[in-house]
Amino acid sequence: MFAVEEINRDSNLLPNISLGFQLYNAYHSDQRTLESSLQWLSGLSQFIPNYRRKEQDKSIAVIGGITSALSVQMGTVLDLYKFPQISYGPFDSVLSNKVQFPSLYQMAPKDSSLHQGVVRLMVHFKWNWIGLIVSDDIRGEEFIWEMRVEMVKNGVCVSFTEKIPVSERRHMESHEMFAPRILTSSSKVIVIHGDTDSLMILRYSQVPFFPTGKVWIATSHWDVTMRPSHSHGFSFLGALTFSYLTNEIPGFNTFLKTVTPSKYPDDILLRGFWLSAFLCSDQPENPEQEICSPNASLETLPLRSFDMAMSGFSYVIYNTIYAVAWALHEMFMRQRSMGDEEYAVPHSWQLHPFLKDAHFNNSAGDQVFVDENRREEAQYAIMNYVFLDDYSDALVKVGQFIPEAPLGLDFTICEDAIVWGWSKLKAPSGVCSDSCTPGFRKTPLEGKAACCFDCSPCPEGEISNQMDAEQCKKCPEDEYPNKERDQCLPKVVTFLHAKEPLGMTLVSVAVSFSLLTVLVLWVFVKFQDTPIVKANNRPLSYSLLISLTCCFLCSLLFMGHPTTVTCLLQQTVFAVVFTVAVSSILAKTIIVVLAFRVTRPGDRIWKLIYPRVSNYVVLICSGIQVMFCGIWLGTYPPFPEADTHSEFGHIVLRCNEGSVFAFYCVLGYMGFLALASFTVAFLARNLPDSFNEAKFITFSMLVFCSVWASFLPTYQSTKGKAMVVVEVFSILASSAGLLGCIFVPKCYVILLKPDRNTQKEIKNKRTARGKTFSRAQP
């Protein structure tokens, strides 16, 4: 009505021609739609095929089809007569088939980006458990497919899908079928897509005053404000609607304020609506009739009864009427240019070429194209359905989605302006499972959607520093996870430092024992001419004491920051000096055996071999170890390394053995010499001698072998700095065992029992032991 009056007032558009219109009701029935179409074609209540009343010839086009189903039903008949049919309902790709619908035009914007806007809204509020309600037609199937693809890209899951038959009219049956499943679903966010007709059952299926706790996201094709009664609107409080974003048509609001039945007395639809909306009586004598006049106005009606803002459908109808007017204008201008000065009412089929190419700028400044290929994507305003303090309802714009805008500007939303319901102050949690906090990762549930999961703590050594992490990640080598396992902390560099308590203790012990060994050496040198020192081979004693001093001191190489030089010296020096010590002990035991098994000590042969046997034993045994160490250093030598795994939160600087095989070969060779010394000493422990060392060597080798036998499993089971401590302790313990077992008894005699360190005492003991030894012979 507004568009026709505006066109008729425009002297530049269809001059000297007035437009009019007729209204036909299609109801919600296929039969009534077909019936109305036939009545319009013939102008009679009873349709007569191929008959048309004369006054009907003035009709040039049909504007209608709020749903695709109605457009198809009307088009089946109208296309027989080539009547242009212009649909203002939602854009449907099926109706774009010009082979099947050659006379049908769609004026609604394309909704090809609607699904992207809806998913952007979900992602913004972090909703990932969504229910879908669509009409059971091709448009619904396309929307579901597009939504599923877009939802998968953004990690959103479908909780359920309900398809409503487009021919559904039995609302109570629909209430029983659909409403329970929707209301009892676990999804708190539900997307509704369809046309006004197919989704009408949702308006009647809600229980009055029943708080559903759902967030409804409706498309522009379904109006949540169209309620059968005020109470039924409570269930949709807080709904978010994607409506077409349009500019304001100048003068439309003023036009609505002046609309009254008295201004349009022939409009029976307006009169019926007026009486119903204002609760008027049709009887003039009713005293309440004054309530409806003279101050009654559409702007005083609540939103559920009438919306003063131009809806998306109304905007499309406005452009549709102008498209027909411009097509007629172009056709009449063509006739005039061909010399026909009088305007003749054209046939409907003549309008097609002009209608198809029609394009213009409407009064709002928007460019309008009838050709859908030249039309831009639809732009959407996100509206929030709210109840105000005076119990009136309203649609408040809270955001917008413009698909063709640059990224970051295409989607905007104002959370503070949204009303989520009667008591909700913030957006509800539309998720299947609560988010996993940092330090946890998502664990999928078998048989459930990807959005349903459990939260499992990150494994040891890994972290997750974001919400809903799919996988935990390991920290860099120089960092370690904190207790919450949500961030990596820099590891503390550590090594066996001489200034720390443990290091100071080991250094003190090593230095103390080395000084003690030097003191023993000094005692032996000072009392070198006494019988007890002479009887035990002075050169070997000196060699053993010097090597033990080096053994104690070599443990200091394991202290401090490892370097290439210290790593090369640690194992090799330790191996060589220990081999010298053990070789010296082996030489001592061999000398004792030779003294009693080969010949008497006074013989010439004994004087020849005595000084050489000990030298040969020490040199040969030590030389073999030096050879092993040389091969080790020449192939896979030890090197400094940063051990990032042994101790939690620490980077242990230590020496890597390089070749583990070479390391254990060196230890094994030392063990072989120690075992040989122990065996020989054990066999010679009862030989008669004034100062027989065999017993002391036996005990010393027992201690030595016990320490290093314990060292191997302990060394293998420890990590990091503890490995160094174990090795240092083994060096000190075994060295102290040799020093204590062999030299402490001798020092006791030298220093505290000098009367026993005489030649006379030696002869008496030798005589007594010789007799005992003779009686023991067979």
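1. A contact here means that heavy atoms lie within 4.5 Å. On that basis, residues 24 or more positions apart account for 66% of the contacts in the chain with a separation of 6 or more. The model is a predicted one.

2. Overall content. The chain has 778 residues, and buried residues make up 47% of them. Its secondary structure comes to 21 helices and 22 strands. The points below take up three of the helices, α13, α15 and α20, and one residue of strand β22.

3. Helices α15 and α20. Helix α15 covers residues 538-554 and helix α20 covers residues 721-752; their axes come within 9 Å and cross at roughly 155°. Angles over 145 degrees count as roughly antiparallel, and α15 and α20 are therefore described as roughly antiparallel to each other. The crossing of α15 past α20 is left-handed.

4. Residues between α15 and α20. On the α15 side the contact involves S541, L544, L545, L548, C551, F552 and C554, which meet I731, L732, S735, A736, L738, L739, I742 and F743 of α20. Sorted by class, the residues of this contact are 13 nonpolar, two polar and no charged.

5. Helices α13 and α20. Helix α13 spans residues 501-526, and its axis comes within 10 Å of that of α20, with a crossing angle of roughly 30°. Angles under 35 degrees count as roughly parallel, so α13 is roughly parallel to α20. α13 also passes α20 in a left-handed crossing.

6. Residues between α13 and α20. From α13 the contact draws on L502, L506, V509, A510, F513, L516, T517, V520, V523 and F524; from α20 it draws on V725, V728, L732, A736, L739, F743, K746, C747, I750 and L751. The classes here are 18 nonpolar, one polar and one charged. Residues of α20 listed for the contact with α13 include L732, A736, L739 and F743, and the α20 list for the contact with α15 also has L732, A736, L739 and F743 among its members.

7. Setting of N656. N656 belongs to strand β22, which runs over residues 650-656. Is N656 buried or exposed? Its relative accessibility is 17%, so N656 counts as buried, the cut-off for buried being under 20%.

8. Partners of N656. Leaving aside residues up to four places away in sequence, N656 touches P638, F639 and E641. With E641 there is a polar contact of 3.2 Å between the two side chains. The N656 side chain also reaches the backbone nitrogen of G658, at 2.8 Å.

Definitions and conventions
Residues numbered from 1 in each chain as written. Predicted model: local features only at pLDDT ≥ 70, side-chain atom pairs only at ≥ 80, totals over all residues. Heavy atoms only, no water. Helix = DSSP H or I, 4+ residues; strand = E, 2+ residues; numbered from the N terminus. Buried < 20%, exposed > 50% of the residue type's maximum accessible area, 1.4 Å probe, protein only. Polar contact = N/O pair within 3.5 Å; in protein donor to acceptor, adjacent residues only side chain to side chain. Axes fitted to C-alpha atoms, helices over the stretch in contact; angles between N-to-C directions. Parallel < 35°, antiparallel > 145°, perpendicular 65-115°, else oblique. Left-handed = near helix turned anticlockwise from the far one by under 90°. Nonpolar A, V, L, I, M, F, W, Y, C, P; charged D, E, K, R; others polar.
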